[in-house]
Structure formats: structure tokens, C-alpha cells
Amino acid sequence: MKDAQPKSIYLKDYRKPDFLIETTELHFNLDPSATVVKSRLKIRRNPEAHTPSLPLTLHGQDLELISLHIDGKTLQPSEYEIGPETLTINTVPNEFVFEAEVKINPEGNTSLEGLYKSRTMYCTQCEAEGFRKITYYLDRPDVMSEFTTTIEASESEFPVLLSNGNLIDSGKRENGQHFATWHDPFKKPAYLFALVGGTLDFIEDTFTTKSGRNITLRIFVETKDLDKCDHAMLSLKKAMRWDEEVYGLEYDLDIFMIVAVDDFNMGAMENKGLNIFNTSCVLAKPETTTDAGFQRVEGVVAHEYFHNWSGNRVTCRDWFQLSLKEGFTVFRDSEFSADMNSRTVKRVEDVSLLRTLQFAEDGGPMAHPVRPPSFIEISNFYTLTVYEKGCEVVRMIHTLLGAENFRKGSDLYFSRHDGEAATIENFVKAMEDASGRDLTQFTRWYSQAGTPRINATDAYDEESGTYSLTLTQSCPTTPEAKQEEKQPFHIPVAMGLLGDAGNLPLKLQGQPIDADTEDNTNLVLELTDFEQTFVFEGLNEKPTPVLLRDFSAPVKLNYNYSREQLTAIMSRDSDGFSRWDACQKLAVAVIEDVMNAYRGDQKYDIDHAFIETCRAILIDQSLDKAMVALMLQLPTEAYLSEIATEIDVEAIHFARQYVRKALAESLSEELESVYRANSNPEPFSASATAMAKRSLKNTVLSYLIVTETDESLHLAQAQLDAATNMTDELAALSAIINSEHAGESLRDQVLQDFYLRWSDEALVVNQWLTAQAQVSRVGGLERVQQLMQHEAFDIKNPNKIRAVIGAFCGGNPVNFHREDGAGYEFLADQILTLNKLNPQIASRLLTPLTKWRKYDSGRQALMRAALERIMSEPELSKDVYEVVSKSLKD
Ligand code: TRP
Ligand code: ZN
């Protein structure tokens with residue numbers, strides 16, 4: 001909780017630590033409300049410290065001190081000082097043994113940071129600054145220590161006791177207690193510490209590394225979940241092999257463990273040798289998990305595993321460097337997923353997320369560079385910008401250097417900085433040194449916030465056969481810097497030119513044709529100035545430019561395409577991403593036609609060419625079914641809101657629904673036959689082909705249901721009854737509960753049946769909650785308030801909060817943004833409750849309110865009022881304070 005006004009911490013104030021901790025010995029006596037933690041730390045002054053005679057200041061929060069010793073001698077209260085977040089000892093020798101005994105209360109810890117209880121299990125979450133809630137420590141990532149951890153607890157209640165590294169001792173104690181001692185040979189910062197105690201079962205497998213070492217792999221879960229671990233285990237083994245093959249990186253300990261917990265603030269955590277996962281990111285079986293869920297498990301398991309090198313072996317010097325491990329690791333996991341599944345589908349999904357949510361973050365009050373220059377609460381900076389844009393920045397380095405030099409750069413980075421706490425400069429320098437490329441200008445991607453705009457114009461000269469393409473760049477004002485202050489970015493623009501018969505060979509004026517490149521229809525232009533013109537020669541026809549192939553840079557590119565040109569790219573370009581993107585642009589244009597008519601009270605006319613284009617895509621047998629599904633899914637309301645200058649909630653919703661309905665009615669015959677062709681009763685398979693089929697079938701079902709016919713409703717009901725997997729079951733459930741035609745009693749009936757069938761499976765119940773929270777029919781707020789009274793809801797469980805409150809406020813725009821502001825008041829109430837229980841979750845939930853400036857003046861006033869009401873709460877957490885105060889700042 002805040003003490004006076006929380007202060008900002010600045011990157012420019014970084015100082016090396018005054019003390020280092022050589023070894024860390026911990027002893028836990030687990031008890032629900034009075035766990036005793038004893039620590040024994042070998043501390044010495046840092047020879048590189050700036051100020052050599054300073055007192056020892058350790059971090060500590062919510063700790064009840066029992067005793068302190070230095071070199072075996074008890075400290076008297078006059079010899080130290082305890083602040084709300086620190087312990088200071090004025091005089092200490094240059095080298096000493098520090099011992100502390102403290103008491104903590106895991107059961108009362110609802111913040112889910114530090115040591116807490118999740119259901120019956122003890123577990124920890126220490127990133128970023130949670131270790132200080134366990135004991136007094138130098139809780140900063142550049143202090144790395146060798147940990148030995150002993151855990152003691154009741155043997156019958158907590159038979160499994162885990163920590164990082166290798167088990168070196170275990171046995172019985174008196175009174176039914178037992179203990180386990182773990183030793184981690186790798187030095188690590190405290191944020192990678194983990195402890196688990198509980199009644200857990202596990203599945204086990206082994207992995208043989210490329211150098212022939214055998215690694216034991218274990219996934220620990222509650223017994224009821226043992227049947228949902230196989231997919232995570234398979235994903236783990238694939239990730240281990242992939243990291244050896246693609247990055248040459250091998251696992252280092254003899255055992256790798258994953259533990260699944262129900263109450264968790266984020267997706268998962270890469271603690272050394274002992275990853276802790278949100279159950280939602282590790283458990284999967286076809287009956288309970290959608291295809292998207294399966295892919296998420298694969299991606300997150302890989303992400304956490306990849307952190308063993310990009311994060312653990314080479315960690316971050318300070319939290320400003322967070323993207324050093326997160327951006328790089330997201331890049332690694334997204335390439336892994338692209339290699340395991342469809343590369344184009346993965347790219348489209350990643351870009352959609354980035355363009356919808358990260359671009360919105362970049363345009364709002366919390367906008368920050370990939371490396372933020374300051375923060376009040378670091379937990380607020382685990383953002384889409386640090387993760388997803390950070391990944392795009394690494395991807396651009398990969399594009400500029402090429403795969404081979406990028407690998408040389410990563411080899412150099414890992415060998416140079418193994419065992420160190422590194423910076424983003426270290427990473428970029430290794431890439432430069434290995435490739436010989438100068439990335440000085442490129443590093444602006446790490447320091448300038450905001451989404452750059454590129455404007456493209458062109459001219460074709462028939463006589464000379466030349467085509468000139470002019471690109472200009474700018475970057476809008478963000479909270480820390482005005483547009484005029486921003487320097488040009490170094491932007492790789494992958495591109496091609498499309499002619500009547502396909503892609504045209506590219507020859508830049510004044511540049512020799514590179515005989516080595518087989519593919520002369522794809523080129524990466526490097527935009528480094530505010531304005532540059534590229535001239536192509538040898539062209540017999542006026543080409544259509546295809547720009548930002550594969551989304552080669554996280555920018556907004558504007559070129560004045562005609563609808564015919566977009567249709568041409570969509571049907572003929574060589575790049576799958578660009579084909580999808582052209583289709584989206586076309587759909588946006590068609591939806592905007594209807595929005596304009598809606599606002600101008602005119603007749604709605606749907607571009608018939610667009611309907612015919614969709615028909616052609618739908619019946620094209622040569623296309624990948626997953627791509628057909630993606631192309632037919634209209635841009636979401638969230639994306640349409642992001643690209644709008646002022647968000648017109650009703651017009652967006654109306655227009656999108658109108659276009660959906662028009663498509664559904666015009667294409668009903670084709671939709672029905674595609675539905676039938678893809679809904680055969682084959683046994684379940686998780687293959688890419690089978691998933692693509694389900695994706696297409698369920699996209700088609702979502703169209704058929706808006707025709708509001710008996711037949712389409714029967715189709716959905718039949719699918720719901722016959723489903724053998726959650727993908728089909730949930731799609732059918734959603735179709736019915738979103739259908740006006742179904743009527744209230746049928747909707748209630750299917751919801752009740754579904755709940756009765758799945759009430760024992762928390763993760764399925766969460767999907768059931770989300771499906772209801774997102775129904776756009778009137779009365780959404782009242783339905784959500786009712787859901788919060790349901791036995792399945794629990795305000796202390798982040799997954800439930802996300803499933804109901806998060807899904808409603810972020811995924812049900814027409815109901816959340818009700819004109820009377822009741823949605824905003826509801827969210828403010830929830831935030832004030834969660835501010836006390838779980839500040840990290842409270843702060844994340846605030847996001848929809850932070851975007852208030854993009855709405856009409858009526859909504860602006862109501863959203864502001866809700867923010868101001870939160871601001872007036874006297875005991876705001878740093879987390880909530882930072883987001884609300886930055887949102888209200890003019
Ligand atoms: N390092 C984790 C990841 O990216 C993120 C994380 C997990 C986290 N739990 C957290 C961050 C709690 C802040 C607070 O995989
Ligand atoms: Zn991560």
C-alpha cells in the first residue's frame with residue numbers, strides 16, 4: 001500500500017549493488033499462517049560498488065522479524081532500522097554472515113506474490129519483486145547467488161516438497177514432519193527462486209540431450225488432473241529438441257519440473273529447474289481443451305523452457321531490461337510454434353494481437369518504449385509492448401541480419417554473458433559484432449515509444465519502365481516525447497511488386513542484380529530517413545506494391561489501395577500474410593461503408609464484389625482451411641476500435657454484425673455445404689489438418705447462426721450434443737447463446753446442461769463463464785453481475801476474474817460501454833475491491849478505462865469519473881495508482 005505518493009524509479013539512476021550475496025541458505029517451516037523462514041547469507045561488499053562504506057540495506061515487505069544475526073552475534077533493535085520496504089543495518093564488515101529469522105502468512109497472502117497458498121498447495125511467485133515478501137534480501141536481478149533450500153512440513157499433508165536444482169537430502173523429523181533439501185548449482189537472482197509443498201501427483205518422462213545426458217522431466221498436478229499432462233510433456237520435449245537444433249542450446253540440470261497451480265497472476269514462471277504454471281497453460285485434453293488452448297499450452301511450455309537460457313543463464317541487469325529476456329523469448333517461442341504448426345497462421349495470430357492490443361497500448365496513456373525509462377511499479381510493465389513489440393524488434397534484427405548471422409549473434413551473446421546479468425546493449429552489441437552490421441540507429445526501437453507511421457506513394461513511368469516508391473515515416477506523440485522530438489527509425493520494409501500475372505522481378509535502380517538470390521521477387525528495403533524514394537526498373541506494367549510482407553516491422557503503413565488492388569494481392573501474392581492482410585483491409589473498407597451509412601442515416605449497401613470475393617475464398621479447395629477461416633473472420637470490434645480516430649461503439653458493432661449477416665445470407669448455400677464437408681465424425685485428432693478443419697467448420701457455424709433460421713439452430717444443437725472435443729462443444733454453445741432466435745429458455749437450458757456436465761473441471765467452467773460474459777445481446781452487465789454470484793465464481797482466483805470481469809470489460813464493448821456508464825461504475829467497484837486483494841490483477845483490469853480519450857464526450861466524462869473515483873481511494877496500491885494517475889494526466 002502506498003506510503004505518501006509513490007515515486008518513479010529511473011533507468012538513468014542505475015547503480016551497481018553495494019553488496020553481493022555469495023551463497024543463500026534458506027530454511028522453511030511451512031505453516032498456513034505462521035511459516036518461519038530462516039536465512040543464512042554470505043555477504044560481501046561489491047568491489048565494483050560506487051560507494052564503498054555504505055550501510056547494508058535489504059528489501060523486505062510484510063515480514064514479521066524474529067531475529068537478526070551478523071557473524072553469529074544477535075543484533076539489538078538499536079543496531080538496525082525497519083522501514084515499510086527495507087531493513088537497514090548501519091555498520092557491517094566487508095565480509096560477513098547475515099542470518100535472519102522471519103515469520104510470514106501464506107494463507108493471508110491474496111496478492112499471489114511471495115509465498116502463498118493455492119487451494120491446498122504452498123507455492124511461490126517471486127518475479128519481479130516478490131522474494132522480499134519471503135525474507136530480507138537484495139531483491140534485484142544483478143545480485144546472483146547459489147541457493148540451498150530446506151523445506152519442512154507435515155509429511156501426510158505435504159508429501160511433495162520442491163525447490164530449484166537437485167534434491168540433495170530428505171528425511172523424517174519428529175511429530176510427523178519431514179524435510180527436503182534442494183541445491184541449485186547455478187547462481188541466480190532471487191526472482192528465479194521457487195518452492196512448492198503439497199499433495200501432488202506427477203507424470204515422468206526423460207529427454208536425452210544432444211551431448212547424451214539424461215534429463216528427468218516431471219509435471220506435478222493434483223491427482224484429478226493427471227490425465228491432462230501429456231500434451232505439455234510432449235511440448236516440453238519438442239521445445240528441448242528445437243532449442244538444441246535451432247540455437248544449439250542444451251538443458252543444464254539433471255531434472256526439469258513443472259508444477260500446475262490454480263491461483264496464478266500470469267501464465268507461467270520460469271523459475272530455475274522448477275517452472276510454475278497457471279493450470280490454464282499446462283493442462284490439456286481434447287474433451288476439456290479447445291484447439292487454441294492446446295496451442296497456448298505448447299507455446300507457454302516452450303516459452304518458459306526457453307527462458308532457461310534467455311533469462312536464467314543470461315539474466316537481466318535491472319528490470320528496465322525486461323524485454324531482453326521477454327522480447328527475445330517470445331521471439332523464440334513464436335518461431336518454435338511456427339515450426340511446429342502453420343507458419344502463416346501463427347504469424348497472422350501474432351500480428352492480430354499486436355495490431356489490436358499493443359498498438360492500442362502505444363496510443364494510450366501507458367505507452368512506453370520497449371525499454372521503459374522509468375516506472376512506479378514494475379509489475380505494470382509486463383506489457384504487450386515489452387513482450388510482443390519486443391519480440392518484433394528481435395524479429396527485425398533477424399530480418400536485417402539474416403538467419404545465419406542472427407544465429408552467430410545469439411551464440412556470441414550466450415557465450416559472452418553466460419552467468420551474467422546483461423543489458424539490451426549487450427544483446428545488440430553481440431548481434432553487431434557477429435554480423436558486422438551497425439545497429440546504432442536501430443536501437444531507437446528500444447528507446448522511442450509509439451507506433452511509427454509509414455506513408456507510401458508511388459509513380460510509374462511507362463516510357464522508361466521505372467516505378468518509384470516513396471516512403472515517409474513519422475511517429476506520433478506519446479506521454480514522454482512529442483512527435484517532433486522523435487528521430488527516424490531504421491525500418492525493414494519487406495516488399496514485392498504485383499503485376500497482372502503474378503509477382504514481378506525486382507531490380508532497384510543503380511544496384512546490380514544479385515545472381516545468388518533465387519527469389520528476385522522479394523526485397524527488404526531499409527527505411528532509415530524521414531523520407532526515401534526507391535526506384536525500380538525494367539517494368540512493363542504499372543505494378544501494385546505489396547508492402548510489409550510477413551509484417552516485417554511493427555508500424556502502421558498507409559498506401560491508397562483500390563479495392564481491385566487489394567483483391568489482386570489477396571488472390572495472387574506469394575506471401576500468405578499479405579494475402580490475409582489485404583482481405584482484412586478490404587473487410588475494413590466494407591464495414592466502414594456501413595458505418596458511414598449508419599451515421600448518415602442512409603441506406604446500407606454492401607460492396608457486392610466483397611461478397612463474391614468471400615464466396616471465392618470459401619469454395620477454393622486449394623487453400624489451407626485454417627487460412628480460409630482466418631480470412632473469413634471479419635476484423636474484431638477491438639481492432640476496428642483501435643484504427644478509429646474516435647470510437648463509435650454502436651456504429652462499429654452494428655456495421656460488423658450487418659456485414660456478417662449479409663455475408664451469411666448471400667453465401668448460405670456455400671456455407672452449408674462447407675459445414676457439411678468439414679463436420680465428419682472421424683475420431684479426434686490434434687493434427688494441423690484436423691484443427692484447420694474444425695476452425696473452418698466453426699467459423700462457418702458462427703455465420704450460419706446469424707441467419708436466425710431453425711436449420712442453423714438445429715445444426716448448432718446437433719453439434720453441441722455430438723461433440724467429442726471442447727473446440728466443437730464451445731463453438732456450438734457460443735453460437736446458441738448468442739442467437740436471438742434460440743430464445744431465452746433454450747439458451748438457459750444449454751447453459752445449465754453444460755455447467756452440470758463440467759462443474760468439476762475448473763478450466764471448462766472458466767470458458768463457460770467467458771462465453772456468457774461476451775454475449776453482446778442487451779443486458780450484458782446484469783448477466784455478469786449474476787455470474788459473479790454463481791458458485792463457480794471466486795474473486796480471489798485470477799482465472800475467474802479474467803474469465804468474467806476481464807472478458808466482459810475487454811471483450812463485450814456494446815455492453816461495457818453502455819451509454820449510462822453503468823459498465824464503468826461496475827469496473828471501478830471491482831478495481832477498488834481488488835486493489836486490496838490483488839493489486840497486480842486490479843491494475844491489469846484497468847486497461848479498458850485507460851482508453852477513455854478515444855470515446856465521445858459523453859463516455860469520456862463517465863470514464864473519467866470512474867477513474868477519479870478510484871483515484872480518491874486513500875489506500876491505493878502502487879500498481880493501481882500508477883495506471884490511474886497516468887491515465888488522468890493531461
Ligand atoms: N516471467 C514470466 C514469463 O514471461 C512472467 C511472470 C509470471 C510474471 N508471473 C509473473 C511477471 C508475476 C510478473 C508477476 O513467462
Ligand atoms: Zn517470459
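Which residue forms a salt bridge with Glu85, and how far apart are the closest N and O atoms? Select Glu85 and Lys878 to find out: the two form a salt bridge, with 3.3 Å between the closest N and O atoms. The model on screen is predicted.

**Stop 1: the two domains**

Colour residues 9-199 as domain 1, then 587-708 together with 751-888 as domain 2. Place a marker at the C-alpha centre of each domain; the two centres are 43 Å apart. The contact takes five residues from domain 1 and eight residues from domain 2.

Next, look at the area buried between them. Domain 1 and domain 2 bury about 480 Å² between them, and carbon and sulfur atoms account for 45% of it. On the domain 1 side, select Thr110, Ser111 and Leu112. These residues supply 74% of the area that domain 1 buries against domain 2, more than any other three residues.

Turn on polar contacts across this interface. Four residue pairs are in polar contact here, both residues of each being at pLDDT 80 or more. The salt bridge count between domain 1 and domain 2 is one.

**Stop 2: the zinc ion**

Select ligand 2, the zinc ion, and show the side chains of His303, His307 and Glu326. Each histidine donates through NE2, while Glu326 is listed twice, through OE atoms. These protein donors lie 1.9 to 2.7 Å from the zinc ion. Along the chain, the donors follow the spacing H-x3-H-x18-E.

Now switch to a cartoon view. His307 sits in the loop between helix H2 (291-306) and strand E22 (315-316), and Glu326 is in helix H3 (residues 322-340), so this pair ties together parts that are 19 residues apart in sequence.

Are these two donors buried or exposed? His307 is buried, with a relative accessible area of 0%. Glu326 is also buried, at 1%.

**Stop 3: Asn812**

Move to Asn812, in the loop between helix H22 (798-811) and helix H23 (813-816). Asn812 has a relative accessible area of 1%, which makes it buried.

Which backbone atom does the side chain of Asn812 reach? Draw a distance from the Asn812 side chain to the backbone oxygen of Val775; the separation is 2.8 Å.

To see the surroundings, show the contacts of Asn812, leaving aside its neighbours within four places in sequence. What remains is Ala773, Gln774, Val775, Ser776 and Ala807. Val775 thus appears both among the contacts of Asn812 and as the residue whose backbone oxygen its side chain reaches.

Notes: Residues numbered from 1 in each chain as written. Chains lettered and ligands numbered in written order. Predicted model: local features only at pLDDT ≥ 70, side-chain atom pairs only at ≥ 80, totals over all residues. Heavy atoms only, no water. Donors = N, O, S within 2.8 Å, 3.2 Å for Na, K, Ca; no water. Helix = DSSP H or I, 4+ residues; strand = E, 2+ residues; numbered from the N terminus. Buried < 20%, exposed > 50% of the residue type's maximum accessible area, 1.4 Å probe, protein only. Domains from an automatic or database assignment. Contact = heavy atoms within 4.5 Å. Buried area = accessible area lost by both parts, 1.4 Å probe. Salt bridge = Lys/Arg side-chain N within 4 Å of Asp/Glu carboxyl O. Polar contact = N/O pair within 3.5 Å; in protein donor to acceptor, adjacent residues only side chain to side chain.
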